[in-house]
Amino acid sequence: MNTSSCIGISTMKPCCRILIGYRISSIFGVSHIRSNHKIVNNSSKLHSKSKLSCYNDAKCKVIGPKKGVIDLNRRAFFASGSNWGESKILGKNKLGVNKDSSRGILVIPHVASDFRNHSTSIDSHVNEKGFESIYIQGGLNVKPLVIENGNEVVKEDGSRVQVNGSGVNLDILKDLNENVETESEASNIEKEAWKLLRDAVVNYCGNPVGTVAANNPADKQPLNYDQVFIRDFVPSALAFLLNGEGDIVKNFLLHTLQLQSWEKTVDCYSPGQGLMPASFKVRTVPLDGGDGTLEEVLDPDFGESAIGRVAPVDSGLWWIILLRAYGKITGDYALQERVDVQTGIRLILNLCLTDGFDMFPSLLVTDGSCMIDRRMGIHGHPLEIQSLFYSALRCSREMLIVNDGTKNLVAAINNRLSALSFHVREYYWVDMKKINEIYRYKTEEYSADAINKFNIYPDQIPSWLVDWIPNEGGYLIGNLEPGHMDFRFFTLGNLWAIVSSLGTARQNEGILNLIEAKWDDLVAHMPLKICYPALEYEEWRIITGGDPKNTPWSYHNGGSWPTLLWQFTLACIKMGRPELAQKAVAMAEKRLSVDQWPEYYDTQSGRFIGKQSRLHQTWTIAGYLTSKMLLENPAKASLLFWEEDYELLENCVCALSKTGRKKCLRFAARSQICV
């Protein structure tokens, strides 16, 4: 295998240095180029375990075993200087939304990538007033009636009305006073949330690099909740970005990129190099030499310390999604164009797009490899991974620089996007009509034209689903494998299918219709259920192994997770249903602060704080703040979702003729998948 490496001599402070090693397959088109930079060799003082370190309050380095030679042609790793201590007061953003008439552009090899200039998300030149009239009705821009001098009322338009004692509607004034009190209370909750979020910030070498998972001072056994998790940091990152604070996000993206290159070994076996860590922790350890000097090190966990030793498949997908969000919100596209960042994207995609034995375009993973990180029967092709995978592919399609070294990868991305969208839309979607079709399925069909392609037995339809599915609406099932359909409703996967346009417009609308119709089941007293329904009785014992943390209606087994609020808000804004998100946010607002921002809630209706729930959970706090800011400024929300790409749907690479012995099923289903 061809090898190359990267060294970045740069840093957050002038005397810092960073030494990074990479193994890169020749598939990426990275060649060795001569350089006259001096190579620093610290091989005689390497630790047995890789760590990124900072010592003497200024110096940073990477210590650990590396493979390959050193190539100084990668761009230096720069962590921007932080202005973290400065307070920032931002006025309301004046952007609005206009649909761009352009559609997604299909990347063709040898053509420069310019997706950000053809975005279908927003047009920054819009009518401000027209936009606010759609999204903010009776909101913060409405001036309440005010009594002046005891006999005048100032109306909304500024005109004054004389009051003669009995001529005032006191009920209106009472309602207005209550609205003012409610807004003041909400403002206090937001101030508390921001304080808690900033208290959770982790610094490394004097710069913010993330937020801990939970920051409860009363917690004597934090376990791994004192670490920075990639998936957990995403809502925190969005909150900071929407507030105009991008340094912490940039630092996070670059530091986790450095961690990606390290050797990971579990029982003498190393997973693929593109794997991103689930989390990392800043530790203070004695510096080599025994002179008493201390150094800060970044200690990552790639799954070798996780419960069940499961690799975090979703970490790399979230990293790519966050990288795009950073560029969209800040306008700093130079970060994603750096050579080391481009290489990081390619490493993740190479890991995901590697050929295997699977017959499906969906990504095959083990149980517990995403937000649901314990045994819950989601091994195979869970919807959450497919939705994030599709989103990451669309992000990469926008960000990758197309050249001779990446044109094959870009073609593979296009092919996979086309196949994956068809697969999920056609086979994961269920509504009343589809369930009735499954109910009448014939089995044991041996034919290329079989209707029951996955040999699903009608008896698999659970009894709860028959009466639960509404007449209007539907959802994407949790998992699909040969002979098996998991009919549970998984919230995150369905919401990201909306955000990324993995589902059709009709399906996306149907998902929100189902959530609205089944509000008492999926939201109840606290948004939102991570999945519905819970595994109970013998099914719980068999599938979870009797997991005492995933008991019915608790934690991942039907628990209510407030962090899902921001994703629900994003989906509602995209579909033009912000009132649903506002309803959910208002409900959560009544309890989160009082309950000290729990990680999750228990019971079927979400009334109890989770029995093992951590308090001051950071992504609960950040999810609430992000939801509030997205609702106040939907123009920013439009930067974070995707519209349908009709050109992508037309792309099919199966090479099957329309008239041959084997026909492409996409043409027969075209009318359904494009609706």
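Start by selecting Tyr-537: at 62% relative accessibility this residue counts as exposed. Keep in mind as you look around that this is a predicted model. Tyr-537 lies in helix H15, and its phi is positive, about 55°, although the residue is not a glycine. That is worth a look, since most residues other than glycine have a negative phi.

**The stretch before H15**

Step back along the chain to Pro-533, in the loop between S18 and helix H15 (537-544). Turn on the backbone atoms here: the peptide bond that leads from Tyr-532 to Pro-533 is cis, with omega near -5°. Continue back to Leu-528, which sits in the loop between helix H14 (519-522) and strand S18 (531-532). Which kind of peptide bond joins Pro-527 and Leu-528? Another cis bond awaits you there, with omega about -10°. For context, most peptide bonds are trans.

**Zooming out**

Now show the whole chain as a cartoon. You should find 21 helices and 20 strands. Of its 675 residues, 55% count as buried. If you add a surface, the chain exposes about 30,200 Å², and carbon and sulfur atoms supply 52% of that area. Contacts often reach far along the sequence: among those between residues at least 6 apart, 71% join residues at least 24 apart.

**A residue in H2 and its distant partners**

For an example of such reach, select Leu-197 in helix H2 (residues 170-199). Is this leucine buried or exposed? Leu-197 is buried, with a relative accessible area of 0%. Draw a distance between the C-alpha atoms of Leu-197 and Thr-620: they are separated by 9.8 Å, although the two residues are 423 apart along the chain. Then display what touches Leu-197, leaving aside its neighbours within four places in sequence. The contacts are Thr-211, Ser-236, Ala-239, Phe-240, Thr-618, Ile-621, Ala-622 and Leu-625.

**H3 against H18**

Several of those names lead to the next stop, so select helix H3 (residues 230-242) together with helix H18 (residues 618-632). Two packed helices are described by the angle between their axes and the distance between the axes. Here the axes come within 8 Å and cross at roughly 40°, and H3 passes H18 in a left-handed crossing. On the H3 side, show Arg-231, Asp-232, Pro-235, Ser-236, Leu-238, Ala-239 and Leu-242. From H18, add Thr-618, Trp-619, Ala-622, Gly-623, Leu-625, Thr-626, Met-629 and Leu-630. Coloured by class, the residues of this contact divide into nine nonpolar, four polar and two charged.

**The S8-S9 hairpin**

Thr-211, one of the contacts of Leu-197, takes you to strand S9 (residues 207-211). Five of the five residues of S9 are buried, so this strand is largely enclosed by the rest of the structure. Add strand S8 (residues 201-204), which runs antiparallel to S9 and is joined to it by four bridges. Look across the pair and you will see Asn-203 opposite Pro-208. The two strands form a hairpin with two residues between them, and Cys-205 in the turn has a positive phi of about 55°.

Follow the chain on from S9 to Leu-223, in the loop between S9 and strand S10 (228-229). Leu-223 is not a glycine, yet its phi is positive, about 50°. At 64% relative accessibility, Leu-223 counts as exposed.

**The S11-S12 pair**

Next, select strand S11 (residues 279-286) and strand S12, which run antiparallel and are joined by eight bridges. S12 (residues 294-301) is mostly covered, with six of its eight residues buried. To line up the two strands, label Thr-284 and its bridge partner in S12, Glu-296. As you inspect the side chains, remember that in a regular strand they alternate between the two faces of the sheet.

**Last stop: H8 against H9**

Finish with helix H8 (residues 383-399) and helix H9 (residues 407-427). At what angle do H8 and H9 pack? The angle is about 145°, with the axes 10 Å apart, and H8 passes H9 in a left-handed crossing. Show Leu-383, Gln-386, Phe-389, Tyr-390, Leu-393, Arg-394, Ser-396 and Arg-397 in H8. They meet Ile-413, Asn-414, Arg-416, Leu-417, Leu-420, Ser-421 and Val-424 in H9. By class, the residues of this contact divide into eight nonpolar, four polar and three charged.

Note on methods. Residues numbered from 1 in each chain as written. Predicted model: local features only at pLDDT ≥ 70, side-chain atom pairs only at ≥ 80, totals over all residues. Heavy atoms only, no water. Buried < 20%, exposed > 50% of the residue type's maximum accessible area, 1.4 Å probe, protein only. Contact = heavy atoms within 4.5 Å. Areas by Shrake-Rupley, 256 points an atom, 1.4 Å probe, with all protein chains shown as cover. Axes fitted to C-alpha atoms, helices over the stretch in contact; angles between N-to-C directions. Left-handed = near helix turned anticlockwise from the far one by under 90°. Nonpolar A, V, L, I, M, F, W, Y, C, P; charged D, E, K, R; others polar. Pairing = 2+ DSSP bridges.
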